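Morning, everyone. I have one chain to show you. Please take a look at it before I start.

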Amino acid sequence: MESIVETMMQQLLSKEILYEPMKEIGERYPKWLEEHKASLSKEDHGRYSHQYELIKDLNDVYENEPNNYTKIFDLMQKMQECGQPPNDIVQELAPDIDFANLGQLSPEMLENQGNCCIM
């Protein structure tokens, strides 16, 4: 039986919830990166470029393996390690998604919740 936490994480990371916003964010990255290249440090440009690659990978998983929550979770954690996506992209498209907290739980934490019960 799946734990409540695992079920909630799967729902939050599900294709139905995140795919469209992530797809739209991914579509805006190339233009944003080009427009801001001159004003970004080399480090920030590299970080945002890496984040864009992770978003493309995430969208690929949603398209081809939408129930592979381990891979989805891993990509979300890697995205978190890159920091917040550019604010002007995220706030315009997905004002309610808090990317900073999506990778807070580890797969190990989810697995260890198996003994958790309500009652």
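I will go from the overall fold to one helix pair, then to the core and a few residues.

Ground rules first. This is a predicted model, where local features need pLDDT of at least 70, side-chain atom pairs count only at pLDDT 80 or more, and totals for chains, interfaces and linings use all residues. Residues are numbered from 1 along each chain as its sequence is written, and side-chain values use heavy atoms, with hydrogens and water left out.

Now the fold. The chain has 7 helices and 0 strands. Along the sequence the pattern reads α-α-α-α-α-α-α. Helices here are DSSP runs of H or I with at least four residues, strands are E runs of at least two, and numbering starts at the N terminus.

Of the 119 residues, 35% are buried. Buried means under 20% relative accessible area, exposed is over 50%, and partly exposed is in between, with a 1.4 Å probe and protein chains only. The chain exposes about 7,500 Å², and carbon and sulfur atoms supply 50% of that. Those areas come from the Shrake-Rupley method with a 1.4 Å probe; for residues, only the protein chains shown count as cover.

Next, contacts, meaning heavy atoms within 4.5 Å. Take the contacts in the chain with a separation of 6 or more: residues 24 or more positions apart account for 69% of them.

On to the helix pair. Two packed helices are described by the angle between their axes and the distance between the axes. Helix 2 spans residues 15-36 and helix 3 spans residues 42-64; their axes come within 9 Å and cross at roughly 145°. Axes are lines fitted to C-alpha atoms, for helices over the stretch in contact, with angles from 0 to 180 degrees between N-to-C directions.

Who makes this contact? Helix 2 contributes residues including Leu18, Tyr19, Met22, Lys23, Tyr29 and Trp32, and helix 3 residues including Tyr48, Ile55, Leu58 and Asn59. By class, the contact has 13 nonpolar, 5 polar and 3 charged residues. Ala, Val, Leu, Ile, Met, Phe, Trp, Tyr, Cys and Pro count as nonpolar, Asp, Glu, Lys and Arg as charged, and the others, Gly among them, as polar.

Two helix 3 residues from that contact. Asparagine 59 sits in helix 3. Why is it called buried? Because its relative accessibility is 8%. Beyond neighbours within four places in sequence, asparagine 59 contacts Tyr19, Met22 and Lys23.

Tyrosine 48 is also buried, at 12%. Outside four places in sequence, tyrosine 48 contacts Tyr29, Trp32, Leu33, Leu40, Gln84, Pro85 and Pro86. Proline 86 is 38 residues away in sequence, yet 7.8 Å away C-alpha to C-alpha.

Now the core. The largest nonpolar core has 26 residues, and Leu13, Tyr29, Leu58 and Ile72 have the most contacts inside it. Such a core is a set of buried Ala, Val, Leu, Ile, Met, Phe, Trp, Tyr and Cys residues joined through side-chain atoms within 4.5 Å. Helix 2, helix 3, helix 4 (69-81) and helix 5 (87-93) each supply at least two of its residues.

Leucine 58 is in helix 3. Its relative accessible area is 0%. Past four places in sequence, leucine 58 touches Met22, Ile72, Leu75, Met76 and Met79.

Isoleucine 72 is in helix 4. Its relative accessible area is 0%. With the same neighbours set aside, those within four places in sequence, isoleucine 72 contacts Leu13, Leu58, Val61, Tyr62, Glu65 and Pro66. Glutamine 10 is 62 residues from isoleucine 72 in sequence and 9.4 Å from it, C-alpha to C-alpha.
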